[in-house]
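Walk through this model with me, starting from the annotated residues and moving outward. Keep the sequence and the 3D view side by side.

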Amino acid sequence: MIIAPSLLAANYGRLASEVARHKASGAEWLHLDIMDGHFVPNLSFGPGIVKTLRPLTRTFFDVHLMCSKPEVLLPLFADAGADQITVHVELGERVAHLLWKIRSLGLKVGLAVNPPTQLATVRPYLPQIDTLLIMTVNPGFGGQEFIEECLPKIQQAHTWRTSGPHRFHIEVDGGINERTARECARAGADVFVAGTALFGKPNLKAAVARLRRAVEQ
Ligand code: DX5
Ligand code: ZN
């Protein structure tokens, strides 16, 4: 099981100490939510910030691009030190090329699917990806309520994974806490992103341990 605290819920006024808090927490990945004010109605931060954080930790940088034009951003995030970049299946027919481009930059490849989008849309890309990110809120803001209707998607993806030739992580993102993470783990998820329930807590290490206990039961 992989725990991925989202920096979106960290204190942007002291990012270096937030990364230090992550480092001491035992979490495997750091989830970096990139919003462009177009694909989602919010802005977060860009490759410049990611690049300044890179020397502070060796942790896996899981970059989630909620952006309409990833074409121009992929090389910038690769240069900034991303380990994996995830793009959204809602971008349509450009997706195959984007996934290929991420791979050709030497990175792990992720594909995300929003709650209203049919899971079948990701199926053609399974041979190309390392991680399938099943959004459990409509992206754009932290602190939203988990959408229970997303659970069958996790089960379906898990069935594809166990019955087919392709191995990929099933990552969940949005409204993840101890209760919802446990439900997702039972459905087959193995990477858990959380902002509010992790960086949002004063003791990140204890929060990571609690979430891990919830999903490993
Ligand atoms: C949603 C982002 C999430 C967000 C999760 O737009 O992709 O990663 O930070 O935040 P919480 O855990 O607060 O729902
Ligand atoms: Zn995210």
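Asp-33 sits in strand β2. Note that the model is predicted. Asp-33 is buried, because 24 other C-beta atoms lie within 10 Å and 20 or more are enough to count as buried. Beyond its neighbours within four places in sequence, Asp-33 is in contact with Ser-6, Leu-8, Ser-44, His-64 and Met-66.

Now turn to strand β7, residues 169–173. Asp-173 belongs to that strand. Asp-173 also counts as buried, with 25 C-beta neighbours inside 10 Å. Leaving out residues up to four places away in sequence, Asp-173 touches Leu-133, Met-135, Thr-136 and Val-193.

Why look at these two aspartates? An unreviewed UniProt entry places the feature "active site" at Asp-33 and Asp-173. They span 141 residues in sequence, yet their C-alpha atoms are no more than 10.3 Å apart, so they gather at one spot.

The UniProt record, again unreviewed, also has a "binding site" feature. It lists His-31, Asp-33, His-64 and Asp-173. These residues span 143 positions in sequence, but no two of their C-alpha atoms are more than 10.3 Å apart, so they too gather at one spot.

His-31 is found in strand β2. His-31 is buried, with 29 other C-beta atoms within 10 Å. Not counting residues up to four places away in sequence, His-31 touches Ala-4, Pro-5, Ser-6, Leu-7, Asp-62, His-64 and Val-193. One of these contacts, His-64, is itself on the "binding site" list.

Next comes ligand 1. Which residues come nearest to ligand 1? Of the 22 residues around it, they are Leu-8, Pro-139, Gly-142, Gly-195 and Thr-196. Strand β2 (29–35) supplies at least two residues of the shell, and so does strand β8 (191–194). By type, the shell divides into nine nonpolar, 11 polar and two charged residues.

Finally, look at a pair of helices. Helix α5 covers residues 151–163, and helix α6 covers residues 178–187. Their axes come within 8 Å and cross at roughly 30°. That makes α5 roughly parallel to α6, because angles under 35 degrees count as roughly parallel. On the α5 side, the contact is made by Leu-151, Ile-154, Gln-155 and His-158. On the α6 side, Glu-183, Cys-184 and Ala-187 make the contact. The contact residues divide into four nonpolar, two polar and one charged.

Definitions and conventions. Residues numbered from 1 in each chain as written. Chains lettered and ligands numbered in written order. Predicted model: local features only at pLDDT ≥ 70, side-chain atom pairs only at ≥ 80, totals over all residues. Axes fitted to C-alpha atoms, helices over the stretch in contact; angles between N-to-C directions. Helix = DSSP H or I, 4+ residues; strand = E, 2+ residues; numbered from the N terminus. Parallel < 35°, antiparallel > 145°, perpendicular 65-115°, else oblique. Contact = placed C-beta atoms within 7 Å. Nonpolar A, V, L, I, M, F, W, Y, C, P; charged D, E, K, R; others polar. Near = placed C-beta within 6 Å. UniProt positions renumbered as here; feature names shortened; annotations may be inferred. Buried ≥ 20, exposed ≤ 12 C-beta atoms within 10 Å, placed from the backbone.
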